[in-house]
Amino acid sequence: MAQPDFSPSAERNKQPILETLQTFLPAQGTALEIASGTGQHVVWLAQHMPLWTWQPTEVHPGALYNIEVRATEADLANVNVALPLDVCKTPWQLEDTPFDLILCINMLHIAPWAACAALMQGSATHLKPGGVLVTYGPYFEADVVPTQSNLDFDQSLRTHDPSFGIRQLADVQAQAALACLHLQARHAMPANNLLLVWGRTPA
């Protein structure tokens, strides 16, 4: 059996993400992870939040293998079989059961801009009342001077693919508002990243 792909950045940020999630999430619930990648995050979170049930997803078929191998090796009963999911193909091919948490780590800057609107619209459809969407990654903010490392990272992303790039938080908020989601909390994270919590806009 081939070894699954490994992400050094996922290994570094999985503990800070876990610790931050534990500050505001209840003890148990159901979670959908978008763009699960190597599976390192979902396995780590499932191990340390055992009363949560986790549904990983991925658009890239090869990554589904990563997730399955890691979840199987960890012998986790609270991680469901990973599902193929492209956020831009609507409606999302999921069961109708809504989620308490939708988690999307490091996707928005390595996907076309249309994926942001699709993420917000799909999340609004699949969240339970009171549920939250959590996004994690680098963002540019109007009132915050960008670090040189983020500027360099943004340039490298756009050189690789002009549709990629670090997103302006205000632009992400505008797409969220169209889906009746609003920014509930902003958590500063290591390596110039943010963990953002989005919930339904009050009526």
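1. Contact here means that heavy atoms lie within 4.5 Å of each other. With that in hand, and keeping in mind that this is a predicted model, one can begin with V172, which sits in helix 6 and which, once its neighbours within four places in sequence are set aside, is in contact with L108, W113, C116, M120, Y139, R167 and W198. Its relative accessibility is 0%, and because buried means under 20%, V172 counts as buried. As for its distance from an earlier part of the chain, V172 and Q22 are 150 residues apart along the chain, and their C-alpha atoms are separated by 24 Å.

2. The next point is the nonpolar interior. The largest nonpolar core holds 29 residues, and those that touch the most other members are I34, W92, M107, L119, M120, L133 and W198. Two or more residues of this core come from each of strand 1 (29-34), strand 4 (99-105), helix 4 (114-126), strand 5 (127-137), helix 6 (169-178) and strand 9 (193-200), and helix 4 supplies the largest share, with six residues. A second core, separate from this one, has 28 residues, including I17, A31, W52 and L64. As a general background, nonpolar side chains tend to be buried together in soluble globular proteins.

3. M107 deserves a point of its own, since the name returns below. Which residues is M107 in contact with, leaving aside its neighbours within four places in sequence? They are I34, A35, V87, A115 and L119, and of these I34 and L119 are also listed, like M107 itself, among the residues that touch the most other members of the largest core.

4. T135 belongs to strand 5 and is buried, because its relative accessible area is 0%. Its side chain makes a polar contact with the side chain of Y139, at 2.8 Å. Not counting residues up to four places away in sequence, T135 touches C104, L119, L194, L195, L196 and W198, and two of these, L119 and W198, appear again among the residues with the most contacts to other members of the largest core.

5. Empty space inside the model can be taken next. How many cavities of 30 Å³ or more does a search of the whole structure find? The search finds one, and about 50 Å³ of space lies in the largest cavity. Its lining is made of C104, N106, M107, L108, H109, T135, Y136, G137, P138, Y139 and R167, so that the T135 and Y139 pair, whose side chains make a polar contact, is part of the lining. Strand 5 gives the largest share of this lining, three residues, and by class the lining has six nonpolar, four polar and one charged residues.

6. The largest pocket has a volume of about 1100 Å³. It is lined by 42 residues, and those that lie nearest its centre are I105, N106, M107, H109 and I110; among these, N106, M107 and H109 also line the largest cavity. Elements that give two or more residues to the pocket lining are helix 1 (8-21), strand 1, helix 2 (40-48), helix 3 (61-74) and helix 5 (148-160), with the largest share, five residues, coming from helix 1. The lining residues divide into 21 nonpolar, 16 polar and five charged.

7. Why is helix 2 described as largely enclosed by the rest of the structure? The reason is that seven of its nine residues are buried, namely Q40, H41, V42, V43, W44, L45 and A46. What covers these buried residues includes helix 1, strand 1, strand 2, helix 3 and strand 4.

8. I67, in helix 3, counts as buried because its relative accessibility is 0%. Not counting residues up to four places away in sequence, I67 touches S36, G37, T38, G39, V42, P56, T57, E58 and A82, and V42 is one of the buried residues of helix 2.

9. The last point concerns Q55, which has its place in strand 2 (residues 52-58). Is Q55 buried or exposed? At 10% relative accessibility, Q55 counts as buried. Its side chain makes a polar contact with the side chain of N80 at 3.4 Å and also reaches the backbone oxygen of V81 at 2.8 Å. Residues up to four places away in sequence aside, Q55 touches A31, L32, E33, N80, V81, A82, L83 and F99, and A31 is included in the second core.

Key: Residues are numbered from 1 along each chain as its sequence is written. This is a predicted model: local features need pLDDT of at least 70, side-chain atom pairs count only at pLDDT 80 or more; totals for chains, interfaces and linings use all residues. Side-chain values use heavy atoms; hydrogens and water are left out. A nonpolar core is a set of buried Ala, Val, Leu, Ile, Met, Phe, Trp, Tyr and Cys residues joined through side-chain atoms within 4.5 Å. Buried means under 20% relative accessible area, exposed over 50%, partly exposed in between (1.4 Å probe, protein chains only). Helices (H or I, at least four residues) and strands (E, at least two) are DSSP runs, numbered from the N terminus. A polar contact is a pair of N or O atoms within 3.5 Å; within protein, one must be able to donate a hydrogen and the other to accept it, and residues adjacent in sequence count only if both atoms are side-chain atoms. On a 1 Å grid over the protein atoms alone, a cavity is a set of points where a 1.4 Å probe fits but cannot get out, and a pocket is an open set with protein on both sides within 12 Å along at least five of seven lines; lining residues have an atom within 4 Å of a point. Grid points are joined across faces, edges and corners, and a volume is the space filled by probe spheres set on the points. Ala, Val, Leu, Ile, Met, Phe, Trp, Tyr, Cys and Pro count as nonpolar, Asp, Glu, Lys and Arg as charged, and the others, Gly among them, as polar.
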